[in-house]
Amino acid sequence: MSHDQVRVTRALLSVSDKAGLVAFARALDARGIALVSTGGTHRELQAAGLPVAEVADLTGYPEMMDGRVKTLHPAVHGGLLAVRDNPEHQAALAAHGIAAIDLLVVNLYPFEATIARDASYDDCVENIDVGGPAMIRAAAKNHADVAVVVDVADYGAIIAELDAQGGSLCGGTRRALAGKAFARTAAYDAAIANWMAGQGEGTAGTSAPAFRAIGGSLAQSLRYGENPHQKAAFYRAPGLVRAGIASARQLQGKELSYNNFNDTDAAYECVAEFDPARIAAVAIIKHANPCGVAEGASLVEAYERALACDPTSAFGGIVALNRTLDAEAAARIVEIFTEVIIAPDASPEAIAIVAGKKNLRLLLAGGLPDPRATGETVKTLSGGFLVQDRDAAVIDDMPLDVVTKRAPTEREYADLRFAYRIAKHVKSNAIVYARDGATVGIGAGQMSRVDSSRIAAWKAAEGAARIGAAESLAEGAVVASDAFFPFADGLLAAAEAGATAVIQPGGSMRDAEVIAAADAAGLAMVFTGHRHFRH
């Protein structure tokens, strides 16, 4: 039975993160609350001159086995789990000399931080907390009588309420703290379970474990989701974080929206396909699809060429760069309305230029994600979720099988590889026209591949009209398709637009028909054997 007010007379503190510990414990002591603690927490409080008992004094046993066993004892768990208005529970406390604990303060061994720094297997295992989660769950279950604090950020609010309520904590606060505590242990266990699943050794190792857990810590509450009537938030998931939106520092600009997060992630993953040591690259994204991607000798050149593909769609888009943002590129980017710029870093001069646009978000990710890195993606469904490996296939690692009478020229090969990098990041059905290391037409998200081909060709023709060119920008370009052409019509649409070479996975029942059509049109075509669907 829940009581509205529970007076706090005794607190157990056992924390890995010592931030704010001494000040919080001193505030509790000043309010007449007896302190009990463990290990390093006890040493820190004692060194600060606070009167604090040690858990070993309660249990009658010293910490043992390198600290693995210290709180797993009835003297601790009895004090946390005893129901205050249950006579039998009170009798048990009295019979065994167990004192009730009204406030538990625990944060856990830094398992998530340990796996994030690629520590050894043994080090990761040693940082799996056992006693902490057990105490947290005990206190949270008994929140009718016990308050449990798992977040340093809550210390100030606890002291404020103790003062406001005459040394007590109300039922609503205890329930809220309990919910947070259960969520914390759930996220912690999820991180452990997913890390263990990733070890993949022994007969029990499987790519589809019997149970799956997803957990994370709140990084940012968002104003709304895809639409204003939807609530949303961004969570960081331990073990899943890679360089990009989750690691980025926002230097300036408005708060990121749900759509900003989604689009910026898509943009940065796309531009990461281009090795910055080889060439500068820029990707401009709108609604999670590239509307222009290009390479260049400099970032500003790459940006100009990417923008030329579809400047209309680029308005209000996301700009991702694979190198440190410099002043020249920054000055050009801010000339049109842009929602977000994301780069590994930025020069002081570039930062100052972007600062002139107060609403423009500038994110510095500190590095580029590795397109070859393993990992998983998750998509929620009604009543469940889908988990799959990240698409880590990279065109540079694929043998290109020439299937037509004519092989691509050296220039065509370079553009085919470029176009296929982009097709990997375009929503299916995806068609990408490219020439000289820049996209000139993109068709995305159509139910029919031939429609995507026609849209991409139309975009290329529109681009030519925009600059006053006599012929479509598709003339002499290459075409990439994220999946095979089920019929020759999509390929013929590309040929009619002026394309000279095609890259696609192959594997259709009608491959022979498509190859014959390519030969008849004088196209060079290569198969990759790797499909890049992105739904």
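Throughout this tour, a residue is called buried when its relative accessible area is under 20%, exposed when that area is over 50%, and partly exposed in between, with a 1.4 Å probe and protein chains only. The model is a predicted one, in which local features need pLDDT of at least 70 and side-chain atom pairs count only at pLDDT 80 or more, while totals for chains, interfaces and linings use all residues. Residues are numbered from 1 along each chain as its sequence is written, and side-chain values use heavy atoms, with hydrogens and water left out.

Start with the whole protein in view. Its C-alpha trace spans about 95 × 55 × 40 Å along the principal axes, and 49% of the 535 residues count as buried. The secondary structure comes to 19 helices and 23 strands, where helices (H or I, at least four residues) and strands (E, at least two) are DSSP runs numbered from the N terminus.

Next, select strand 15, residues 361-364. This strand is covered on both faces, with R361 and L363 buried on one side and L362 and L364 buried on the other. In a regular strand the side chains alternate between the two faces of the sheet. Add strand 10 (residues 249-252), which runs antiparallel to strand 15 and is joined to it by three bridges; two strands are said to pair if DSSP finds at least two bridges between them. Within this pairing, Q252 has L362 as its bridge partner. Then add strand 14 (residues 338-343), which pairs with strand 15 in the parallel sense over four bridges, and look for A343 opposite L364.

Move on to the open sheet of six strands, whose order is 18-23-22-21-19-20 and whose pairing is mixed. Its edge strands, each pairing on one side only, are strand 18 (401-402) and strand 20 (439-443). Strand 18 pairs with strand 23 (residues 524-527) in the antiparallel sense over two bridges, and D401 stands opposite F527 there. Now show helix 17 (residues 449-467), which packs on the sheet and touches strand 19 (431-434), strand 20 and strand 21 (478-481), a contact being heavy atoms within 4.5 Å. The direction of helix 17 makes about 145 degrees with that of strand 20; axes are lines fitted to C-alpha atoms, for helices over the stretch in contact, and angles run from 0 to 180 degrees between N-to-C directions. Helix 19 (residues 511-521) also packs on the sheet, touching strand 22 (501-504) and strand 23, with a direction about 150 degrees from that of strand 23.

Two loops beside strand 19 deserve a selection. In the loop between helix 16 (410-423) and strand 19 lies N429, and the peptide bond from S428 to N429 is cis, with omega near -5 degrees. D436, in the loop between strand 19 and strand 20, has a positive phi of about 55 degrees although it is not a glycine, and D436 is partly exposed at a relative accessible area of 43%.

For a further backbone stop, select A288 in the loop between strand 11 (280-286) and strand 12 (289-296). A288 is not a glycine, yet its phi is positive at about 70 degrees, and at 8% relative accessibility A288 counts as buried.
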